[in-house]
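Please look at the sequence and the model shown below before reading on. The paragraphs that follow begin with the place where the chains meet and then turn inward.

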2 protein chains.
Amino acid sequence: LKTVIDLHTHVVPPHLAPDTDRGPRWPRIERAAGGNASVVIDGKVFRRIDSRCWDVERRLADMAQDGVTGQVLSPMPELLSHWLAPPSAEHLARITNEHIATMVAAAPDRFVGIGMVCAQDPERATRQLRDVRDLGFCGIEIGTHINGVPLGDPSLHPLYEAAESLELGIFIHPLHPAGLERIGAVGGLGAVAAFPLETALAAVSLLANGILDRFPRLKFLLSHGGGALPWIIPRLDFAWSLGGPFKGMLAERPSEVARWFWFDTILYDPKALRFLAQATDAGHIVVGSDYPFAIRQGRPGGFVEAALEDCDAILFDNAISYLDGGNRKGAFAVRRADDRAALRTHPVGGTHG
Amino acid sequence: LKTVIDLHTHVVPPHLAPDTDRGPRWPRIERAAGGNASVVIDGKVFRRIDSRCWDVERRLADMAQDGVTGQVLSPMPELLSHWLAPPSAEHLARITNEHIATMVAAAPDRFVGIGMVCAQDPERATRQLRDVRDLGFCGIEIGTHINGVPLGDPSLHPLYEAAESLELGIFIHPLHPAGLERIGAVGGLGAVAAFPLETALAAVSLLANGILDRFPRLKFLLSHGGGALPWIIPRLDFAWSLGGPFKGMLAERPSEVARWFWFDTILYDPKALRFLAQATDAGHIVVGSDYPFAIRQGRPGGFVEAALEDCDAILFDNAISYLDGGNRKGAFAVRRADDRAALRTHPVGGTHG
């Protein structure tokens with residue numbers, strides 16, 4: 001059994017009361033029997049969830065089943081609420097972060113947190129980053145755009161600067177993707193088909209606007225294997241090599257700059273993961289699953305092992321590298337300093353296959 | 001030397017006079033010295049071009065240099081003008097199609113045409129399809145959306161039905177891509193970064209709206225290796241396998257339905273082409289280059305040979321299969337019936353590398 005750290009999992013607090021003062025898009029949780037619940041936003045059920053979103057015991061049992069040793073917990077993306085008024089978004093971030101901290105505290109050798117901030121108000125976000133850091137989290141999650149503001153926009157520089165100086169990573173998750181009007185009337189395909197395209201657009205925004213050069217120690221983790229970014233890199237390289245405005249934006253070939261990104265393994269296809277490992281720095285690939293949602297890659301460590309020989313770094317070491325710095329109180333950083341070997345020899349049940 | 005048919009090349013008529021009656025977005029060609037010209041739309045230079053866009057002799061010389069035996073000629077995508085009033089679009093289509101027919105007539109053993117129609121008015125388009133067929137073309141080119149209407153929209157069924165019954169293929173080219181607002185203020189990246197994402201959205205629109213099932217003999221050729229479609233197919237398959245609304249839309253796994261698409265080879269990266277060949281029906285992959293624009297894959301046959309062993313079908317036979325039916329007067333169909341072997345043994349100069 002290998003030690004596997006899963007960096008892409010989501011949580012939802014079990015209680016979010018209606019609060020009409022917070023505006024119509026304030027999310028609330030409606031609990032139902034059997035550990036089921038609904039996230040209700042703007043009067044509509046956004047998603048039906050269950051206790052895996054908050055129940056530590058159930059989660060640990062699933063991890064044992066899935067061969068996952070440690071999980072990094074981040075908010076369900078819709079909770080990021082980049083569209084709420086800043087005071088409401090800040091309040092929701094505090095509730096969500098504190099819930100994540102509670103889950104981490106319940107099993108500190110198994111969980112590390114990724115928090116959220118009010119990214120739509122960079123000054124407020126910068127303040128909140130210190131709280132995130134004090135909670136011992138390794139970083140924050142943000143959407144692929146901040147309520148329409150692209151991630152390469154200069155207005156976000158203060159947020160990136162603060163995260164870099166606090167050694168917090170940025171986990172980028174697709175959210176309200178562009179281009180659904182090109183698909184037409186087919187409900188539910190946004191998260192399936194448009195998410196990976198959306199992530200590529202956000203990554204290109206960071207690349208082309210020089211964000212990776214400007215904040216060289218900031219660790220951007222891209223969801224779902226970077227979305228379609230790895231696939232379009234050859235075209236970006238080719239266009240860059242022709243000169244013109246794009247060449248002026250990047251001192252190095254796009255494929256070289258893109259090696260600064262971090263990528264999870266949620267690709268569902270061994271040959272796609274092999275392509276990713278060839279296209280980028282294999283030392284920046286970490287396991288992800290999207291647990292506990294339906295789209296999750298089950299047995300995420302086993303998926304990696306089946307696709308790649310010599311994948312121990314992806315299963316474990318790369319995660320430690322990613323978490324390092326921002327993860328002062330987290331289990332994995334402690335382990336790293338003290339007895340990483342102990343964590344390695346303390347895997348949970350389950351087999352890979 | 002191998003016989004190579006390049007299905008993705010573009011042309012522009014050398015003369016398009018200003019015509020204020022046609023509306024502000026009517027394109028005009030401003031000729032300059034040395035075979036140079038500008039395409040001017042709405043008072044702005046859309047693209048600087050040169051005589052490779054219309055000059056048969058120059059084109060044949062470049063083909064010799066690039067190791068290309070035959071080219072399929074299609075309009076520069078911006079000329080598709082899905083945003084013009086239908087009478088203007090129909091007029092522009094006639095001018096463009098007749099120019100393509102003239103080029104084909106000048107070297108009928110080297111060129112086949114792909115035309116355009118007024119797709120924004122399906123009834124008019126259906127009429128024009130007969131002209132396209134009478135010109136001996138193998139199909140039409142359309143954008144990834146028709147002025148905002150997604151390609152899976154039922155309003156386009158009559159166009160697809162007519163094309164299928166006339167045995168004309170549909171060449172889908174990215175045009176005015178969605179999602180540029182996610183990148184931010186970085187000119188020129190639309191065609192570079194967003195085009196392959198846009199093509200994936202259009203392909204998903206066709207897939208999810210059942211167009212490939214409804215028109216089983218219609219040959220959709222996707223630009224640039226299908227854009228990001230091959231890359232997201234594993235995610236589509238996974239989501240489909242979970243059931244839910246997406247499963248209800250498709251009787252078969254998305255990867256199976258996607259095998260009905262045709263794909264060109266404009267991927268710039270051998271491992272991407274190998275990925276495509278594994279992800280789909282290698283019998284539906286044809287050579288493309290984007291000649292004569294800057295982004296073109298030079299020596300497109302050589303690129304394929306370097307990436308894939310046993311690629312003769314991609315270099316030639318698949319193109320003949322694609323062209324078959326709609327290409328009554330075209331060189332390659334005649335060759336196919338009469339003396340395909342002769343075309344094979346009649347390659348032009350140049351070596352692959």
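**The interface and the core**

Between chain B and chain A an area of about 4700 Å² is buried, and carbon and sulfur atoms give 73% of it; buried area here is the accessible area, taken with a 1.4 Å probe, that two parts lose on being put together, summed over both. On the side of chain B, Arg182(B), Trp231(B) and Arg235(B) lose the most area to chain A, together 22% of what that side buries. This is a predicted model, in which local features need pLDDT of at least 70 and side-chain atom pairs count only at pLDDT 80 or more, whereas totals for chains, interfaces and linings use all residues. Residues are numbered from 1 along each chain as its sequence is written, chains are lettered from A and ligands numbered from 1 in the order in which they are written, and side-chain values use heavy atoms, with hydrogens and water left out.

The contact, meaning heavy atoms within 4.5 Å, takes 59 residues from chain B and 59 residues from chain A. Because 100% of the interface residues of chain B are also interface residues in chain A, the copies meet through the same surface. Chain B is superposed on chain A by a rotation of 180° with 0.0 Å of shift along the axis, at an RMSD of 0.0 Å, the fit being by least squares on the C-alpha atoms of residues with pLDDT of at least 70 in both. The two copies are therefore related as by a two-fold rotation axis.

Across this interface the rule finds 2 salt bridges, each a side-chain nitrogen of Lys or Arg within 4 Å of a carboxyl oxygen of Asp or Glu. Glu198(B) and Arg182(A) meet through their side chains in a salt bridge, at 2.7 Å from N to O. Among the elements of chain B that each supply at least two residues to the side touching chain A are helix H5 (180–183) and helix H6 (189–208), and H6(B) gives the most, with 15 residues; helices are DSSP runs of H or I with at least four residues, numbered from the N terminus.

Turning inward, the largest nonpolar core has 174 residues, and those that touch the most other members include Tyr160(A), Leu229(B) and Phe261(B); such a core is a set of buried Ala, Val, Leu, Ile, Met, Phe, Trp, Tyr and Cys residues joined through side-chain atoms within 4.5 Å. Leaving aside neighbours within four places in sequence, Phe261(B) is in contact with residues including Leu206(B), Phe220(B), Leu229(B) and His284(B).

Note on methods. Buried < 20%, exposed > 50% of the residue type's maximum accessible area, 1.4 Å probe, protein only.
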